[in-house]
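Dear colleague,

I am passing on the structure we spoke about, with the sequence alongside it. Please open both before reading the notes underneath.

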Amino acid sequence: MIDLDAYARDGFAVLPDFVTEADCEALKARAAELVAGFDRSAAPTVFSTVDQAHARDRYFRESGGDIRFFVEAEASDQMNKIGHALHDLDPVFDRFSRQPALAALAGSLGLEEPLLLQSMYLFKQPRVGGEVGWHQDAAFLRTEPPSVTGFWIALDDADRDNGCLIALPGAHRGPLRQWFGYRDGDLVTRTIDAAPWPDVEPMALEVRRGTLIVLHGLLPHASTANRSSRPRHAYSLHLIDGRADYAADNWLQRPDLPLRGFA
């Protein structure tokens, strides 16, 4: 199923045809239903990794245990993403996220007590889908020892033109560079290690619909803006190991929603 040696070397693994066409369509259809029910009369919260203004918004801060909607910086009538507890609060995403194939994959990666911490439906809309800057997932979901692992699932074909993932192969062997979390009641980004990213040629992870990409929590990765006429929808799950300590000052908190595994 997964080449663990290659994953250890590169910090990512590409698993084609992991998700069926039917499941891709079911997730896209359910996301469309959720968006149709979203009340657009309230001032929408913009999500952007460029200025991170959303970090000052209570709507974003309290989204760890809810299903909330975020719009594009360049087009407030277009969705950027839905997050961050789809896998717990929506029956369609719950069934998909806790399927045996994903549980088996988590086990093969060494997550002895896998917990599903965060989920996001990512739209990357045609022509206005914003870029996502270079980052490590562990900067946002920090455990001690580090354990966060990402499952990124392409619901459309993803290539350079419509904003596929880009990664620095092997750079996950470096340290955590930043941390985004609470300090004195505010969400702030702190620099832990100011060293530049390794001098590694970025690799565009161009994949077909239904591909699952496993991302090590320390792997630097990004995606460019979508200026094409095609969408690039994706569904992302982040897991942590229940044996690790989830820091109380992490930005994502779930005060009324217990962490669950695959059972």
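The notes below go through one helix, the salt bridges, a lysine and a histidine. Please keep in mind throughout that this is a predicted model.

**Helix α2**

Helix α2 covers residues 21–36, and its 16 residues reach 23 Å from the first C-alpha to the last, which is close to the 22 Å expected at 1.5 Å a residue. Within α2 the buried residues are Cys24, Leu27, Ala31, Leu34 and Val35. Viewed down the axis of α2, these buried residues fall within an arc of 100 degrees, and they therefore line one face of the helix. An α-helix has 3.6 residues a turn, so residues three or four places apart point the same way. On the face of α2 that is turned away from the buried side, the exposed residues are Ala22 and Ala36.

**Salt bridges**

The count for the model comes to 19 salt bridges, and a few of them are described here. Glu25 and Arg209 meet through their side chains in a salt bridge, with an N to O distance of 2.1 Å. This pair links distant parts of the chain, since Glu25 belongs to helix α2 while Arg209 sits in the loop between β12 (203–205) and β13 (212–216), 184 residues apart. Glu25 counts as partly exposed at 41% relative accessibility, whereas Arg209, with a relative accessible area of 17%, is buried.

Arg9 forms a salt bridge with Asp10, where the closest N and O atoms are 2.8 Å apart, and Asp10 is buried, with a relative accessible area of 14%. The side chains of Arg243 and Asp241 also meet in a salt bridge, at 2.8 Å from N to O; of these two, Arg243 is partly exposed at 48% relative accessibility, while Asp241 is buried at 4%. In addition, a network of salt bridges links Asp88, Asp94, Arg98, Arg254 and Arg260.

**Lys124**

Lys124 lies in the loop between β5 (114–122) and β6 (132–135). Which side chain of opposite charge is nearest to Lys124, and how far away is it? The nearest is Glu72, at 6.9 Å, and Lys124 has no salt bridge although it is buried. Because a salt bridge requires the nitrogen and the carboxyl oxygen to be within 4 Å, the 6.9 Å to Glu72 does not qualify. A polar atom of the Lys124 side chain does, however, lie 2.8 Å from the backbone oxygen of Thr224. Leaving aside neighbours within four places in sequence, the residues in contact with Lys124 include Asn80, Glu131, Asn162, Ser223, Thr224, Asn226 and Arg232.

**His84**

Is His84, which has its place in strand β4 (residues 79–84), buried or exposed? With a relative accessible area of 1%, His84 is buried. The side chain of His84 makes a polar contact of 2.8 Å with the side chain of Ser63, and another polar contact, of 2.9 Å, joins the side chains of His84 and Lys81. Not counting residues up to four places away in sequence, His84 touches several others, among them Phe60, Asp66, Phe70, Leu117, Met120, Trp251 and Leu252. The last of these is far away in sequence, as His84 and Leu252 are 168 residues apart along the chain, yet their C-alpha atoms are separated by 8.7 Å.

With best regards

Technical notes: Residues numbered from 1 in each chain as written. Predicted model: local features only at pLDDT ≥ 70, side-chain atom pairs only at ≥ 80, totals over all residues. Heavy atoms only, no water. Helix = DSSP H or I, 4+ residues; strand = E, 2+ residues; numbered from the N terminus. Buried < 20%, exposed > 50% of the residue type's maximum accessible area, 1.4 Å probe, protein only. Lys, Arg positive; Asp, Glu negative; His and termini not counted. Polar contact = N/O pair within 3.5 Å; in protein donor to acceptor, adjacent residues only side chain to side chain. Contact = heavy atoms within 4.5 Å. Expected span 1.5 Å × (residues − 1). Arc of directions from axis to C-beta.
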